[in-house]
Amino acid sequence: MPKKLGRQAGVFWHSDGASLDVPPQATALYIRQAPKAGGQTSFIDMVQAYQALPEHLKSYLDGKTGCFTKNVSYVGMQNVGKAEAIHPLVWQHRHINRCALYTNNKFLSHICDVEKTESERVLAKLAESSLKDESTFTHTWQDNDLIIWDNDQVIHKATPTPGGEIKEGLRIILESQAA
Ligand SMILES: [Fe+2]
């Protein structure tokens, strides 16, 4: 059944379900009634972002893990039941032989086993390297659009809608099982 998607839902870069032990590989979002303005969804390819990193950062990230928490304000995440998970920051795609940079602004609280200041400095550097306008694809929703995206490869975020208008649609997160 279509539901109202809150104005502030997912307005930060993230990968769905990152605080789960096994994050969902895919998300499907159907928008029955698109907002007249705003509400776009943007994507960044994190496989390309990883490949573009300088070698010293790739070496630094090798074997590093991050703590992902859902301690964020996110309307519509009621189906995500776990509060915290540890994942590698270099994410092996589950179906292709590629690695993605598994970092994002909100769910990732810190890099494990390093000092807080070092974690903050490295995450800021990774954000600077990966979150670029020229790397971003933005979709403007039309009525009855459906997008299915690969959480192993892309991060995404929504643009707020001005004037209180909300999107009406249906989101399906495809559960994944541990290998
Ligand atoms: Fe999302």
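Two residues are in contact if their C-beta atoms, placed from the backbone, lie within 7 Å of each other. Keep that in mind for the stops below.

**Before you start**

This is a predicted model: local features need pLDDT of at least 70, side-chain atom pairs count only at pLDDT 80 or more, and totals for chains, interfaces and linings use all residues. Residues are numbered from 1 along each chain as its sequence is written.

**First stop: Y102**

Select Y102 and look at what surrounds it. Leaving aside neighbours within four places in sequence, Y102 is in contact with M46, H87, P88, L89, V90 and W91.

**Second stop: the core**

Y102 also belongs to the largest nonpolar core, which has 14 residues. A nonpolar core here is a set of buried Ala, Val, Leu, Ile, Met, Phe, Trp, Tyr and Cys residues joined through C-beta atoms within 7 Å. Buried means that 20 or more other C-beta atoms lie within 10 Å of the residue's own; exposed means 12 or fewer, and partly exposed is in between, with C-beta atoms placed from the backbone. Which members touch the most other members? Select M46, A49, Y50, A100, L101 and Y102 to see them. Two elements, helix 1 (46-51) and strand 7 (99-101), give two or more residues to this core. Helix 1 gives the most, with 3 residues.

**Third stop: the whole chain**

Now zoom out and colour by secondary structure. The protein has 3 helices and 12 strands; helices (H or I, at least four residues) and strands (E, at least two) are DSSP runs, numbered from the N terminus. Of the 179 residues, 27% are buried. Among contacts with a separation of 6 or more, 82% are between residues 24 or more positions apart.

**Fourth stop: sheet 9-3-11**

Strands of a sheet pair through backbone hydrogen bonds, either parallel or antiparallel. Two strands count as paired if DSSP finds at least two bridges between them. Select strands 9, 3 and 11: they form an open sheet in that order, with antiparallel pairing. At the edges are strand 9 (136-139) and strand 11 (154-158), each pairing on one side only. On average, neighbouring strands here are turned by 25° against each other, direction ignored; the axes are lines fitted to C-alpha atoms (for helices, over the stretch in contact), and angles run from 0 to 180 degrees between N-to-C directions. Strand 3 (residues 41-45) is joined to strand 11 by 5 bridges. To see one of these partnerships, pick F43 and its bridge partner H156.

**Fifth stop: sheet 5-4-8**

Another open sheet has 3 strands in the order 5-4-8, again with antiparallel pairing. Strand 5 (84-88) and strand 8 (108-111) are at its edges with a single partner strand each, so one side of each has no neighbour in the sheet. Strand 4 (residues 65-69) and strand 5 share 5 bridges, and T65 has P88 as its bridge partner.

**Sixth stop: strand 2**

Select residues 26-33. This is strand 2, which runs antiparallel to strand 10 (residues 145-150) and is joined to it by 6 bridges. Y30 stands opposite L146. Strand 2 also pairs with strand 12 (residues 167-174), in the antiparallel sense, over 7 bridges. There, look for Q33 opposite E168.

**Last stop: two loop residues**

Which residue sits in the loop between strand 8 and helix 3 (116-130)? Select D113. D113 is not a glycine, yet has a positive phi of about 65°. D113 counts as exposed because it has 9 C-beta neighbours inside 10 Å.

Finish at N144, in the loop between strand 9 and strand 10. N144 is not a glycine either, and its phi is positive at about 65°. With 11 C-beta neighbours inside 10 Å, N144 counts as exposed.
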